[in-house]
Amino acid sequence: MIVARLASTVLAIAIAFGMVPLAVAPFAAEAATAIPTEKDPVAASRAVHLAEKLRCLVCQNQTIAESNAELAVDLRQQIREQIAAGQSDGQILDYMVARYGDFVLYQPPVKATTILLWTGPALLMLGGFIALFRILRARRAQGEPVPLSAAEQAQAARLLAGESGKENA
């Protein structure tokens, strides 16, 4: 964010003073740190599409396309290598699942081993509603609280006022 502001400020100043080489310098520095793209845009698009379907096993809440973890970088490289070897998208996904299990898929298939993964949130919510219903029903069954007697009210008032309720002897 700060680099972007700085680059835009330098660009505006350089353009205002007619210094085009200075205006291009921040972008040249960014280009040096950018990851080179493949020469085949179709293969690059396939690699990105496949990387978005796979979960980063380190981060677990990101796809390997979003993650900068070392394992995610390796998996993206494996995808590019398999695309270059002529593998189809299905074959690449099957390879990843065979190697890392269904957990590597960002949207695992519904089958016996993943049924809890798919139904777990609904079951937890259902359990929460059942618990809430039982608690509310138990409160309703208790009825109205019994009012305090005059002696109990006087004792409560003394306790709240700071008196101990016992007389000093």
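Does Asp89 count as buried, partly exposed or exposed, and what is its relative accessibility? In this predicted model, Asp89 has a relative accessibility of 25%. Asp89 therefore counts as partly exposed, because buried would require under 20% and exposed over 50%.

The overall fold is helical. The protein holds seven helices and zero strands. Along the sequence, the pattern reads α-α-α-α-α-α-α. The protein has 169 residues, and 18% of them count as buried.

Two helix pairs were examined for their packing. Helix 3 covers residues 41-53, and helix 4 covers residues 70-84. Their axes come within 10 Å and cross at roughly 135 degrees. Helix 3 is therefore oblique to helix 4. The crossing of helix 3 with helix 4 is right-handed. Helix 4 also packs against helix 5, which spans residues 89-100. Here the angle is about 140 degrees, and the axes lie 10 Å apart. That angle makes helix 4 oblique to helix 5, because roughly antiparallel would require an angle over 145 degrees. Helix 4 and helix 5 cross in a right-handed manner.

The loop between helix 3 and helix 4 contains Asn68. Asn68 has 71% relative accessibility, so this residue counts as exposed. Asn68 and Cys56 are twelve residues apart along the chain. Their C-alpha atoms are separated by 9.2 Å.

Salt bridges were searched for across the whole structure, and two were found. One of them joins Arg46 to Asp89. The closest N and O atoms of this pair are 2.8 Å apart. Arg46 sits in helix 3 and Asp89 in helix 5. The two residues are 43 apart, and the pair links distant parts of the chain. Arg46 has a relative accessibility of 24%, so Arg46 counts as partly exposed. Asp89, at 25%, counts as partly exposed too.

A salt bridge also joins Lys111 to Asp102. Their closest N and O atoms are 2.9 Å apart. What is the exposure of each partner in this pair? Lys111 counts as partly exposed, with 39% relative accessibility. Asp102 counts as buried, because its relative accessibility of 15% falls under the 20% limit.

The surface also carries a nonpolar patch. Its members are Val110, Ile115, Leu116, Leu117, Trp118, Leu123, Leu126 and Ile130. Together they have about 810 Å² of accessible area. One of these residues, Leu123, lies in helix 6, which runs over residues 115-142. Leu123 reaches 49% relative accessibility. Leu123 therefore counts as partly exposed, since exposed would require over 50%.

Technical notes. Residues numbered from 1 in each chain as written. Predicted model: local features only at pLDDT ≥ 70, side-chain atom pairs only at ≥ 80, totals over all residues. Heavy atoms only, no water. Patch = residues over 30% accessible without salt bridge, like charges linked within 9 Å, V, L, I, M, F, W, Y side chains within 5 Å. Areas by Shrake-Rupley, 256 points an atom, 1.4 Å probe, with all protein chains shown as cover. Salt bridge = Lys/Arg side-chain N within 4 Å of Asp/Glu carboxyl O. Helix = DSSP H or I, 4+ residues; strand = E, 2+ residues; numbered from the N terminus. Buried < 20%, exposed > 50% of the residue type's maximum accessible area, 1.4 Å probe, protein only. Axes fitted to C-alpha atoms, helices over the stretch in contact; angles between N-to-C directions. Parallel < 35°, antiparallel > 145°, perpendicular 65-115°, else oblique. Left-handed = near helix turned anticlockwise from the far one by under 90°.
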